[in-house]
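Colleague: I've got a two-chain model open and would like to talk it through with you. Shall we go piece by piece?

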Amino acid sequence: MLVAGVDVGSTMTKAALLDENKQVRALAMVDTGANVVRAAERAFREVLATAGFEDWDVTFTVGTGYGRYRVPFGDLQVTEISCHAKGACFLFPGTHTVLDMGGQDTKAIRINETAEVKDFAMNDKCAAGTGRFLTAAAQVLGLTLEELGTVAGEAKKPLKITNVCTVFVEQEIMMHLARGCAVEDVLAGVHSAIAGRTIALLRRVGLEEEITFTGGVARNPGMVRALEERLKLKLNVAPESQHIGAIGAALFAWERAAHGEVSKRRNNSEGRELASGGEA
Amino acid sequence: MSFIAEPRTVRYVAGVDVGTRTTRALLLNEEGEECGRISRETGARPEIAAEQTLQELCIHCGLPREHIVYIASTGYGRYRVPFRQIQITEMTCHAVGALRLFPETRTVLDVGAMNSRALRVADTGRVIAFRMNDRCASGAGRFLERVATSLEIQLDQVGELSLRSQDPQPISSICAVLAESEVINHVTAGKPVEDILRGAHNSIAERVIALVRQVGALPEITLTGGVTRNQGLVAAIEERLGCRVNVSPDSEYAGALGAAILARQRWQRLENSTPASRN
């Protein structure tokens, strides 16, 4: 048995393939771009190709992320909140709080032992303190996203970034640079500012250990460090942090498949009725 | 009054408005008549922008710098104008400038690149109430700039284009950064550029009018700041307010004008009280 999860994020689309033992067989990631449907298809094809399977080998597929309703081959849609909770709990069973920082939004999720979502908070009004904030900083400084955290780690005298708005911070960064401040000190300030916003969000849901950090921003060691310093706690960060939503989605697919539900694609090809649908 | 060497020397005062995007300078003569104006981009170094703007103003008006006897700075970079005699908040300057341009002004709406503010003013130019948005770029020029960039359209064309819209597309994000994604979604969905632009203009208009309502919008309402050059935004604001607003080609210089007027007042007071204080 093979199940898949596809997480269509605002920036990247991720896919995960799990077997009957819940072993991750393959992960894939593509740029979401403007065409959400095509991104979902590409990620799905890529994850299958990596593991050496065909799409009819997949028993059940769950879509998640902001573009989940536009995954044409999805058998079920589950919110990214549930999927991140599921995936985080699977990789780190002691997880009670999930911090998901993606390209465009940041979510704090409090969960119980069985990965049930108890409370969550997100920024939905503005891009302050999100991955976009880092993207903007990287652009102004002429660095890649991958370099950001490393460069910030070299800071000697971290600056204080006073603005909240991403647009204003771009200007603030330029002013600091024009005054001759070191790039690493500016960047350390940016990371610290985002950490401050993020921790405020975490406190809104009640910060309970262990905390698992998911989403694309978790790959940034500077962000992990800034959060850990301010929280005075260690965070769980998996190498596959960016795929945790997709893994969570695949786990939901696994549960459905274990209950005997089969993909509508298979059903259709065998002339039977649809197996399931709707939002979990 | 004591004259030093040359009794016939005409003396001038200047207002320098260092905005987040544009630095503007305006020159008045002793009689308070405008003698010239100039603007340039502020860039990352306000002190350099201010210096260059003043130099250009002198060249533009063909006068030696010593003839400018008093300079007031305003705008967000007003503390970084090394040659200023005085700094004055942009609120006060916009109020004074708007009243000079339109004497019946009772409400000033200043929409700049980064901030927008609404002021209720007395006929004397005194500010009675004000509200501003300085926390985020929603309802400011940068919002339009970002939208223009993501649509690959020149900023000075967005206003006119927006006026051609038949079916404005709503932009529900307040955040300038998140709005970009919405704009891209509209483009992907095949919506005409002018409809997306009109939606963006409506969004800003909504935000700035909220500020106007908070100070109690008394007529006449005068628009100031760099965004006044954008006819599309003026139209969107008028449509939503349900009334006409005062706007002229001088409106973007209202801050510099106000600063220059206040510089002249201040200089005359100093002249009259202590003639020896002139440097």
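**Strands, domains and contacts**

Modeller: Let's start with strand β2 (residues 12-19) of chain A, which is mostly covered, with seven of its eight residues buried. Bear in mind that this is a predicted model.

Colleague: Which residue of β2(A) does V8(A) stand opposite?

Modeller: Begin with the pairing: strand β1 (residues 2-8) of chain A runs antiparallel to β2(A), with seven bridges between the two. They make a hairpin with three residues in between. Across from V8(A), in β2(A), you find T13(A).

Colleague: And on to β3(A): which residue in the turn between β2(A) and β3(A) has a positive phi?

Modeller: β2(A) is also joined by seven bridges to strand β3 (residues 24-31) of chain A, again antiparallel. One facing pair there is A16(A) with its bridge partner L27(A). The two strands form a hairpin with four residues between them, and the turn residue with a positive phi, about 60°, is K22(A).

Colleague: Moving to the five-stranded open sheet of chain A, which are its edge strands?

Modeller: Read off the order, β8-β7-β6-β9-β10 (chain A), with mixed pairing. An edge strand pairs on one side only, and that holds for β8 (117-122) and β10 (236-237) of chain A.

Colleague: What stands opposite F213(A) in β10(A)?

Modeller: Look at strand β9 (residues 211-214) of chain A, which runs parallel to β10(A) and is joined to it by two bridges. The residue of β10(A) opposite F213(A) is V237(A).

Colleague: At what angle does α2(A) run to β7(A)?

Modeller: α2(A) lies across four strands of chain A: β6 (97-101), β7 (106-111), β8 and β9. Relative to β7(A), the angle is about 60°.

Colleague: Which elements give two or more residues to the side of domain 1 of chain A that touches domain 2 of chain A?

Modeller: The assignment splits chain A into domain 1 (2-83 + 243-269) and domain 2 (94-237), with C-alpha centres 28 Å apart. Eight residues of domain 1 of chain A and nine of domain 2 of chain A make the contact. The domain 1 side has three nonpolar, five polar and no charged residues. The elements you're after are α2 (80-91) and α8 (244-258) of chain A.

Colleague: Now chain B: which element gives the largest share of the side of domain 1 of chain B that touches domain 2 of chain B?

Modeller: Here the bounds are domain 1 (12-95 + 254-277) and domain 2 (103-247), and the C-alpha centres lie 27 Å apart. The contact takes 10 residues from domain 1 of chain B and 14 from domain 2 of chain B. On the domain 1 side, α2 (90-101) and α8 (254-273) of chain B each give two or more residues. The largest share, four residues, belongs to α2(B).

Colleague: How do the residues on that domain 1 side of chain B divide by class?

Modeller: Nonpolar residues number three there, and just one is charged. The polar ones complete the set, and they number six.

Colleague: Why is chain B as compact as a globular protein of that length?

Modeller: Chain B has eight helices and nine strands. For its 279 residues the globule rule gives 19 Å, and chain B is close to that, so it is as compact as a globular protein of that length: its radius of gyration is 20 Å.

Colleague: What percentage of contacts in chain B between residues at least 6 apart in sequence join residues at least 24 apart?

Modeller: For background, 52% of the 279 residues of chain B count as buried. Its C-alpha atoms fill a box of roughly 70 × 35 × 30 Å along the principal axes. Of the contacts you describe, those joining residues at least 24 apart make up 69%.

Colleague: Which helix gives the largest share of the side of chain B that touches chain A?

Modeller: The contact involves 16 residues of chain B and 18 residues of chain A. By class, the chain B side has 10 nonpolar, three polar and three charged residues. Six of its residues, the largest share, come from helix α5 (residues 176-188) of chain B.

Colleague: Which element of chain B helps cover the buried residues of α3(A)?

Modeller: In helix α3 (residues 131-141) of chain A, the buried residues include F133(A), L134(A) and A137(A). From chain A, the cover includes β6, α4 (145-152), α5 (166-178) and α6 (183-205). The element from chain B is α5.

Notes:
Residues are numbered from 1 along each chain as its sequence is written. Chains are lettered from A and ligands numbered from 1 in the order in which they are written. This is a predicted model: local features need pLDDT of at least 70, side-chain atom pairs count only at pLDDT 80 or more; totals for chains, interfaces and linings use all residues. The radius of gyration is taken over C-alpha atoms; the globule rule is 2.2 Å times the number of residues to the power 0.38. A residue is buried if 20 or more other C-beta atoms lie within 10 Å of its own, exposed if 12 or fewer, and partly exposed in between; C-beta atoms are placed from the backbone. Two residues are in contact if their C-beta atoms, placed from the backbone, lie within 7 Å. Domain bounds come from an automatic or database domain assignment. Ala, Val, Leu, Ile, Met, Phe, Trp, Tyr, Cys and Pro count as nonpolar, Asp, Glu, Lys and Arg as charged, and the others, Gly among them, as polar. Two strands pair if DSSP finds at least two bridges between them. Axes are lines fitted to C-alpha atoms, for helices over the stretch in contact, and angles run from 0 to 180 degrees between N-to-C directions.
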